[in-house]
Amino acid sequence: NVWSVAWSPNGSQIVSGSADATIRIWNAFTGEQLRELRGHAGYVFSVAWNSDGGKIASGSDDGTIYEKTVRIWDASTGQQLQELRGHEGIVKSVSWSPNGSDIASGSWDRTICIWDAQTGKQLQVLRGHTNTIESVVWIPKRSMIASGSVDKTIRLWNSPAGRQLQILRGHARDVVSVALSPDGSMIASGLADATIRIWNA
């Protein structure tokens, strides 16, 4: 299974994460595979480019029983730059901060971790969801993170303070994906009830 795909910022490449434990980078115009990134030992559930297209973050179910990993890669060489350990459950989603300095990761351990992308240091752990987290996304220009969970809520967080700002309720089923409009003003959520909802961010 291919679990996640993401466009490069300039739209020329696509990165994909798969159950075969690989990350692959593709030419978006020709379909040619450009690179294959290996290092994960388990399913790669999420991949994301940073804002300048130089790095890729990935989330997986590999690592130890108690510490699942987020990894950072050099997009041009395929070299692994960082391995971030700290989550106690599968990492289902990763998202870069708008300036590319930090990474947010959402996990089945019900937490969101904020990491320094340069040093690999864990900066914050955001707690509040009452079930597994399926999706996280950074909201540009607002210093906020949106997260979607099996607890049927979307939550908005202040990323510098680590404070929960709002809980968006109304879903009858699991929230499996969240995405932003290009200007960051709206949030789209994908549900296990086969609906999509649009929210004012």
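A pocket here means an open set of grid points where a 1.4 Å probe fits, with protein on both sides within 12 Å along at least five of seven lines. Keep that in mind as we walk through this model, which is a predicted one.

Let's begin with the second largest pocket, which holds about 180 Å³ of space. It has 16 lining residues, and those closest to its centre are Ser 97, Asn 99, Asp 102, Trp 138 and Ser 159. Two elements, β12 (122-127) and β13, each give two or more residues to this lining. By character, the lining of the second largest pocket splits into 7 nonpolar, 6 polar and 3 charged residues.

Now for the largest pocket, with about 900 Å³ of space. Look for Ala 6, Val 47, Ala 48, Val 94 and Val 137: out of 30 lining residues, these are the closest to the centre. Which elements give two or more residues to the lining of the largest pocket? They are β1 (2-7), β5 (44-49), β9 (91-96), β13 (133-139) and β17 (175-180). The lining of the largest pocket is made up of 19 nonpolar, 9 polar and 2 charged residues. Notice that β13 turns up in the lining of the largest pocket and also in that of the second largest pocket.

Strand β5 takes us on to a sheet. Four strands, in the order β5-β6-β7-β8, make up an open sheet with antiparallel pairing. At its edges sit β5 and β8 (80-87), each of which pairs on one side only. On average, neighbouring strands in this sheet are turned by 20° against each other, if you ignore direction. Zoom in on β7 (residues 68-74) and β8: they run antiparallel and are joined by 6 bridges. Within this part of the sheet, Trp 73 stands opposite Gln 80 in β8.

Finally, follow the chain to Asp 109, in the loop between β10 (102-107) and β11 (111-116). What does Asp 109 touch, leaving aside residues up to four places away in sequence? The answer is His 87, Glu 88 and Gly 89. With Glu 88 there is a specific link to look for: the side chain of Asp 109 reaches the backbone nitrogen of Glu 88 at 2.9 Å. Ile 90 is worth finding too, as its C-alpha lies 7.2 Å from that of Asp 109, although the two residues are 19 apart in sequence.

Key:
Residues numbered from 1 in each chain as written. Predicted model: local features only at pLDDT ≥ 70, side-chain atom pairs only at ≥ 80, totals over all residues. Heavy atoms only, no water. 1 Å grid on protein atoms, 1.4 Å probe; cavity = no way out; pocket = protein on both sides within 12 Å on 5 of 7 lines; lining within 4 Å. Points joined across faces, edges and corners; volume = space filled by probe spheres on them. Nonpolar A, V, L, I, M, F, W, Y, C, P; charged D, E, K, R; others polar. Contact = heavy atoms within 4.5 Å. Polar contact = N/O pair within 3.5 Å; in protein donor to acceptor, adjacent residues only side chain to side chain. Pairing = 2+ DSSP bridges. Axes fitted to C-alpha atoms, helices over the stretch in contact; angles between N-to-C directions.
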